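Trainee: I'm new to this one and would like a close look at a single part before anything else. Could you take me through it slowly and then show me what lies around it?

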Amino acid sequence: MKKLALHWKILIGMLLGVIFGFIMASISGQDFVMNWVDPIGKIFVKLLKLIAVPLILASLIKGISDLKDISKFKNMGLRTIVIYILTTVIAITIGLGLVNTLKPGEGITQETVTMLKEKYSSSDKAKTILTNAQAQKEAGPLQFLVDMVPDNAVFAMSNNKLMLQVIVFAILLGICLLLVPEEKAKPLKDFFDSLNEVVLKMVDIIMLFAPYAVFALLASVVVSADDPDILLALLKYAGVVVLGLFLMICFYMVLISVYAKKSPFWFISKISPAQLLAFSTSSSAAALPVTMERVEEHVGVDKEISSFVLPVGATINMDGTSLYQGVAAVFIMQVLWPEGLVFSNQLMIILTALLASIGSAAVPGAGMVMLVIVLEAIGFPSDLLPIALALIFAVDRPLDMCRTTVNVTGDATVSTVIAKSLGKLGAPNVKNWDDNYPAQ
């Protein structure tokens, strides 16, 4: 009997989790789910985040030091940044085109706005988001460059929010390994090569628990969902965001088909476990180890490419989140500030959302902080900001899950395209968790 593929196991786990969540919500079993089921999902996410930094460090240093020539790194790095910027601009443009055409804000009544304002605008979450956004806004124009450079590499490795600092340290170390004599560099390169293999094996083992973890994660999302009446009122807005995200995935599949010369359905089937984990966790950082494993072993992207493109993408490439910024900003203006719907403000949304995505953390909820920065950049009235956040709080979690899936898909697509352009896209080389386990 053929063993069921991992993505089918995860899908079944997600479906059962949703059904279980609805059943428990209907019989007031929320406390049981949050106390006894949700911790399983949290442990799984922690395990993925645990190996993210060692994997980035090992694979990036190994990948760069294997290039043999710094000019190759420069070529790859330039292509990566340019393509990520282009895909982000395309994503924001798609979002703005849809929200201006479909006008979801025109379906929101004043009663709904009042109800949302009373429920969310004075919440601690809203205050935290506004405080974080204000701190980021007050920073200097080059502060994001300052924040990229660590002053303590060990401290940077201790915090997943400082992933960009780990990447900078790993790139510097990898380049220096290229510049010292090969016999001096070999012991350190061998160490990171070994570490990379061990951490990838840890990914395989952790993924054995993925179906059970996504069951727990989805069940907890369902039982903690907001008022169904509020969700229904915001259905048109959520539908526009989801439609935009779907069109963005279609754009990626065109790139895979036309440029990488691969079947889009084949590509999706290979990276689907990473997509499903991104959906379940709402975190690009948590899904990163799985994304790297799927792209390298199942798609065939050379480690030299994936080890640089994917960690950088997880921190600066937020196509799904940027598309959401465009839709959410215009939706909020349609409801609360229609006089702000001018062409110059929409151009400013594209620019600000692009810049904000570069410094955004790859963790749940970062998109809301970015949204506040985008709104303030176009002169949105500050007294309306809490109400603006209240307007979209109810559907933010499910939309966060969807846009994170697009973020991860974009990272995998760009790494495949760059690998193809550099002749580094080969045949898949799948490794299983028990490859070296002694046969009984």
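Which helix does L16 lie in?

Mentor: Happy to. Keep in mind as we go that this is a predicted model. L16 sits in helix α1, which runs over residues 6–26. Its side of the story starts with exposure: L16 has a relative accessible area of 45%, and because buried means under 20% and exposed means over 50%, L16 counts as partly exposed.

L16 also has company. Together with L4, W8, L11, I12, L15, I19, I23 and I27, L16 makes a nonpolar surface patch of about 860 Å². Now put that beside the record: an unreviewed UniProt entry lists residues 7–28 as a "transmembrane region", along with other spans including 81–99 and 237–260. Two of those spans are worth a glance in the model. Residues 81–99 are 100% helix and 0% strand, with the end C-alpha atoms 27 Å apart. For residues 237–260, the figures are 92% helix and 0% strand, and the end C-alpha atoms are 34 Å apart.

Back to the start of the chain, where K9, I10 and G13 are touched by P211, leaving out residues up to four places away in sequence. P211 belongs to helix α10, residues 210–223. With a relative accessible area of 13%, P211 is buried. If you want a sense of distance, take A390: it is 179 residues from P211 along the chain, and their C-alpha atoms are 33 Å apart.

Next, the inside. The largest nonpolar core has 130 residues, and the members touching the most others are Y237, F331, I332, F380 and I392. Helix α2, residues 30–65, gives the most to this core, with 12 residues. Pick F380 as an example: setting aside neighbours within four places in sequence, F380 is in contact with I332, M333, L336, W337, L375, L385 and A388. Apart from that core lies another one of 6 residues, and M24, V33, V37 and V223 are among them.

Last, the charges. Side chains of opposite charge can pair when their charged atoms come close. The structure holds 10 salt bridges, and three of them show how varied the settings can be.

Start with K303 and E296, whose side chains meet at 2.9 Å, N to O. Both ends are tucked away: K303 is buried at 18% relative accessibility, and E296 is buried at 11%.

Then there's D66 with K62, where the closest N and O atoms are 2.3 Å apart. Here D66 is partly exposed at 23% relative accessibility, whereas K62 is buried, with a relative accessible area of 15%. This pair isn't on its own, either: salt bridges that share partners join K62, D66, K189 and D193 into one network.

Finally, K431 forms a salt bridge with E197, with 3.3 Å between the closest N and O atoms. That pair links distant parts of the chain, 234 residues apart: K431 is in the segment after α20 (396–421), and E197 is in helix α9, residues 182–206. K431 is partly exposed at 28% relative accessibility, and E197 is partly exposed too, with a relative accessible area of 35%.

Terms used
Residues are numbered from 1 along each chain as its sequence is written. This is a predicted model: local features need pLDDT of at least 70, side-chain atom pairs count only at pLDDT 80 or more; totals for chains, interfaces and linings use all residues. Side-chain values use heavy atoms; hydrogens and water are left out. Patches are made of residues with over 30% relative accessible area and no salt bridge: like charges are joined within 9 Å, nonpolar side chains (Val, Leu, Ile, Met, Phe, Trp, Tyr) within 5 Å. Accessible areas come from the Shrake-Rupley method with a 1.4 Å probe; for residues, only the protein chains shown count as cover. A salt bridge is a side-chain nitrogen of Lys or Arg within 4 Å of a carboxyl oxygen of Asp or Glu. Helices (H or I, at least four residues) and strands (E, at least two) are DSSP runs, numbered from the N terminus. Buried means under 20% relative accessible area, exposed over 50%, partly exposed in between (1.4 Å probe, protein chains only). UniProt positions are given in the numbering used here, feature names are shortened, and annotations may be inferred rather than shown by experiment. A nonpolar core is a set of buried Ala, Val, Leu, Ile, Met, Phe, Trp, Tyr and Cys residues joined through side-chain atoms within 4.5 Å. Contact means heavy atoms within 4.5 Å.
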